[in-house]
Amino acid sequence: MFRPQYNEDPSSPTESSLATSIFESPSHSVSDADKRAAQIAKWRFSTLAANVDTKDQYGASSTPIYQTATFKGVNGEYDYTRSGNPTRGGLESHLARLYGAYSAFALSTGMTCLDMILRLVKPGETVLAGDDIYGGTNRLLTYLSTHGGVDVRHLDTTRPELLLPHLGGGNKVTMVLLESPTNPLLKIADLGEIAALVKSRAPNALIVVDNTMMSPYLQRPLHLGADIVYDSGTKYLSGHHDVMAGVIAVKDEAVHKPIAFMINSVGSGLAPFDSFLLLRGVKTISLRMDRQMATAQLVADYLDALGFLVHYPGLKHHPKRDVHYKQATGAGAVLSFVTDDKALSERIVGGTRLWGISVSFGAVNSLISMPCMMSHASISAAVRAERGLPENLIRLCVGIEDPRDLIDDLEAALLSSGAIIHNLSYSPQNPTKVEAIFDTDPSKWILERAKAFRRPGEESAMARLVQGVKRSLGMSATERKKVEGEVVVSAPGKVILFGEHAVVHGVTAIATSVNLRCYAALTPRSDDKVALEVPDLGLEMAWDIDSLPWHLLPIQVEQSGSSRRLADKDLDAPLLEALEEVVKAGNVNVKSALGAAVAWLYLYMTIAGSEAEAFSATFTASSNLPISAGLGSSAAYSTCIASALLIAHQSVPTPSSSFTAEETNLIDGWAFLSEKVLHGNPSGIDNAVSVRGGAVAFTRAIGGRAGGLEMLSGFESVRLLLTNTLVGRDTKTLVAGVGKLREEEPEMVEGVMRSIQAISDEARGLLGAGEVLDRQRLIERLEALIKENHSHLVTLRVSHPSLETIVAATSRSPYNLSTKLTGAGGGGCAVTLIPDDFDQASLEELIEVLRRDGFEPHLTSLGGKGAGVLRNEEKDGAGRVVGKGEDEGVGMPLRAGLRGVGREGVGKWAEGLGEWVFT
Ligand SMILES: Nc1ncnc2c1ncn2[C@@H]1O[C@H](COP(=O)(O)OP(=O)(O)O)[C@@H](O)[C@H]1O
Ligand SMILES: C[C@@](O)(CCOP(=O)(O)O)CC(=O)O
């Protein structure tokens, strides 16, 4: 660690650095060094921060990373990295200059700093601390009081007089731990006044300041009377959230010594590479903070102008603004505000996308959080309440993004959550004009933006009038039906073993569900919009509910009971066309995204049945099924839409154990309608399997002939290799192609259909609950059926060269396996039966061969659960999962998680949510 001489004048931070000898170079004479020191003494903070003395043997201009645990020799400057390392040492000397400190230490985290500092306190002694402090600090203090015999007392440090009764007399106060501004309420403690007061009454007590919210750039507590300062280096000092670190800076040798002893004893010093990262980050601290603060001020002004209670010392009416600016040079980039409604706060936080939902602060990217559920969750709810920490508090940590993007994003979240509404008495200025104001006067621009909105409940006379007129015209302005909490659902994809395409024409097909699924959340919103988010397809759209073509809804609504309306049998062409136009108007033209959006809107409107029954919500879906690979991704998506909407409309209740047959059929009917939107004339087998799970023999009802659905139970033991060609294709086109071929060559196609029916009949017998065949014979028959079925699909012209490559590779000696395409073909997936005695080494070799050919083979497990919904009991009243640990971002709308985890993570994410109920 770095031990410069102590500068007697703590009021000038840069002068103490002058007293250090590190800028001296052996080539300079003493007088040169003096001159240089005098020059450095004049440097201001940002100059000091940007210029690091490397003292490197080769003159490296960036401090090298000494990635070594040990150093050779006996009497060298370094021997063991726990005790000292040149990279860490370089960082520490640099930090000491920035703090104007006697010395500085770099440690592994901010909490490690506190740990080292608290070891100066002995059992029986008293520590005074604030009542609004970081949750982790509170946790460690609580531990110390329950396990270390230390008396910890929390006080309101904004009122120095409250400390008086604890100082002197029989009290043994040896440490006073302060934050200013406090986290997360941004309260201000007068550090100088408290230090003087404590020193006058308890001269041996150490004043310790957690300066993380400010950094040494804005506030240097050692010059205000503190003995020890610490910072979480993870925050502003490093600035990029790519390293965890902590920094302790001390006033004099008396404090330096025991802390140095402790760090060396336990080995809590920062690792060389992390020291390098922190040193690199700190060079730009002033640049980053200036930008972050300027934007934080705009955000605070904006929220303040909208009427929220905002905590930020940069606001004119902050109760201790004067005290703050007496001891600091800026207001920092963290602010918090209250909404008075926890559920509303959760919707706001979950509704942002640029603001990342995360703990911590100080990075170049902006973050949003609810401290009571995240950074401060380790303080019990009762203590939080006692200390006046509102559960609905939202903390914003501003980064360096363009302020306009941050405001756009926050504004959208405030609007969609219902926290603000349009101010109808405000005539909006031309957006280009408003944008132009930004260039000349950002603070005027922000107030102009705020004028366009207001908080609900403060309705102007004009607003009431307009809403009254809207309502009288049946245009329900604010009295929309509400969804009760968030609905989270999922549904599996499928593999067709026998009978694809033929099934469209009335032939029986055999299919089973797969263990890959689509997951979706239906999240209430309050801005009269309906939205769709499908990150897998890059789709993100929102529509005003009253702009949808409600007048085109088919009038014949077949009521069965009051709320269990069955799905319409056929699509309504004018409505479908109109919805295509609606989606295209939002510049969505890619087929997959267009289909997904139209399917969603079609079901959203038809399940509601009328605009009066529609609710404002966002539907978010993500799937770990490959899309358009023949594994029924569309059916899984359709099943999610149908089940989420039916549950939200309470047409299907969330069951405690499983759905009834009637409910399952209802969901299936609506999922089928969505499949029709996506595929024109599908058979319904995909949704039948997706809704029910397991394995089925499915026959479509056609031309008055009854259809049938039989659950099969004998397939589980059969191993299958599923190989994705990665060639995308369109089911609708392939199904239509077979239809055309049937018209052109009816006899040939009818013959093929009859043969496939015979295959499915035999397979159904083999896999059903009926007679049990000798195992080897069973496998042989299935293999023969697979080969035969594939050759018929080739005749129907739905194979593809990539599929034939897989058929050839797997049937070749020594494998001799049977393969067919599955699903619509034209690319997509092939399925290969793996006999029980097939040797493992050959299987691995085959998988490798297929991989080398550019395919994606997977050994699959088949026949999992069907449609599922997350149990209500696992969620709180507003539909969010409750009861998880701190720092996990829980309590946010689940949609936020679904959006964030990505396709690979979605299965695991869903499992961790709680208990699911299935059909
Ligand atoms: N996860 C999903 N989210 C939204 N839409 C989806 C999703 N998966 C599939 N779809 C829709 O279904 C179409 C794919 O259907 P299809 O070509 O039959 O493939 P699959 O055999 O996988 O069902 C996509 O183009 C898209 O419109
Ligand atoms: C080809 C077909 O039999 C199955 C389609 O499966 P997929 O879209 O490839 O997952 C069509 C249908 O049954 O609707």
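Which residue in strand 4 is the bridge partner of T126? It is V173. I'll come back to that pair. First, a caveat. This is a predicted model.

Let's take the sheet that holds that bridge. Strand 2, residues 126-130, pairs with strand 4 in the parallel sense, over 4 bridges. The sheet around them is open and has 7 strands. The order is 1-7-6-5-4-2-3. Pairing is mixed. At the edges stand strand 1, residues 103-107, and strand 3, residues 151-155. Each has a single partner strand, so one side of each is left without a neighbour in the sheet. The twist from one strand to the next averages 20°.

A helix packs on this sheet. That is helix 6, residues 135-147. Helix 6 touches strand 2, strand 3 and strand 5, the last being residues 206-210. Its direction makes about 145° with that of strand 3.

Stay with strand 4 for a moment. Strand 4 covers 173-179, and the loop after it runs towards helix 7, residues 191-201. P181 sits in that loop. The peptide bond from S180 to P181 is cis, with omega near -5°.

Now the second sheet. How many strands does the open sheet with the order 23-24-22-25 have? It has 4, with antiparallel pairing. Strand 23 and strand 25, residues 856-860, stand at the edges. Again, each has a single partner strand, so one side of each lacks a neighbour in the sheet. Neighbouring strands here are turned by 25° against each other on average, direction ignored.

One pair in detail. Strand 22, residues 719-724, and strand 25 pair in the antiparallel sense over 5 bridges. Within that pair, L722 has H858 of strand 25 as its bridge partner.

Two helices to mention on this sheet. Helix 26, residues 775-795, packs on it and touches strand 23 and strand 24, residues 829-834. The direction of helix 26 makes about 45° with that of strand 23. Helix 27 packs on the sheet too, touching strand 22, strand 23 and strand 24. For helix 27, the angle to the direction of strand 23 is about 160°.

Helix 27 spans 801-811, and strand 23 spans 818-822. The loop between them holds P814. A cis peptide bond joins S813 and P814, with omega about 10°. So much for the cis bonds on my list.

Next, backbone angles. Two residues have a positive phi without being glycine. S215 has a phi of about 70°. Q650 has a phi of about 60°. Where are they? S215 is found in helix 8, residues 215-218. Q650 is found in the loop between helix 21 and helix 22.

Buried or exposed, in the case of S215? S215 has 30 other C-beta atoms within 10 Å, and the cut-off for buried is 20 or more, so S215 is buried. Q650 has 11 C-beta neighbours inside 10 Å, and exposed means 12 or fewer, so Q650 counts as exposed.

On to the ligands. Ligand 1 has 24 residues around it. Those that come nearest are S592, G595, S633, S634 and T731. Which elements each supply at least two residues of that shell? They are helix 20 (591-608), strand 19 (617-623), helix 21 (633-648) and helix 22 (661-679). Helix 21 gives the most, with 4 residues. By class, the shell around ligand 1 has 11 nonpolar, 11 polar and 2 charged residues.

Ligand 2 is surrounded by 18 residues. P682, S683, T731, G823 and A824 are the closest. Two or more residues come from each of helix 23 (685-692) and helix 24 (731-744). The classes around ligand 2 are 8 nonpolar, 8 polar and 2 charged. Note T731. It is among the nearest residues for ligand 1 and among the closest for ligand 2.

Last item, from the record. An unreviewed UniProt entry annotates residues 485-524 as "domain: Galactokinase N-terminal". Over that stretch the chain is 0% helix and 70% strand. The end C-alpha atoms are 7 Å apart.

Back to the opening pair, to close. T126 bridges to V173 in strand 4, and strand 2 runs parallel to strand 4.

Methods. Residues are numbered from 1 along each chain as its sequence is written. Chains are lettered from A and ligands numbered from 1 in the order in which they are written. This is a predicted model: local features need pLDDT of at least 70, side-chain atom pairs count only at pLDDT 80 or more; totals for chains, interfaces and linings use all residues. A residue is near a molecule or strand if its C-beta atom, placed from the backbone, lies within 6 Å of it. Ala, Val, Leu, Ile, Met, Phe, Trp, Tyr, Cys and Pro count as nonpolar, Asp, Glu, Lys and Arg as charged, and the others, Gly among them, as polar. UniProt positions are given in the numbering used here, feature names are shortened, and annotations may be inferred rather than shown by experiment. Two strands pair if DSSP finds at least two bridges between them. Axes are lines fitted to C-alpha atoms, for helices over the stretch in contact, and angles run from 0 to 180 degrees between N-to-C directions. Two residues are in contact if their C-beta atoms, placed from the backbone, lie within 7 Å.
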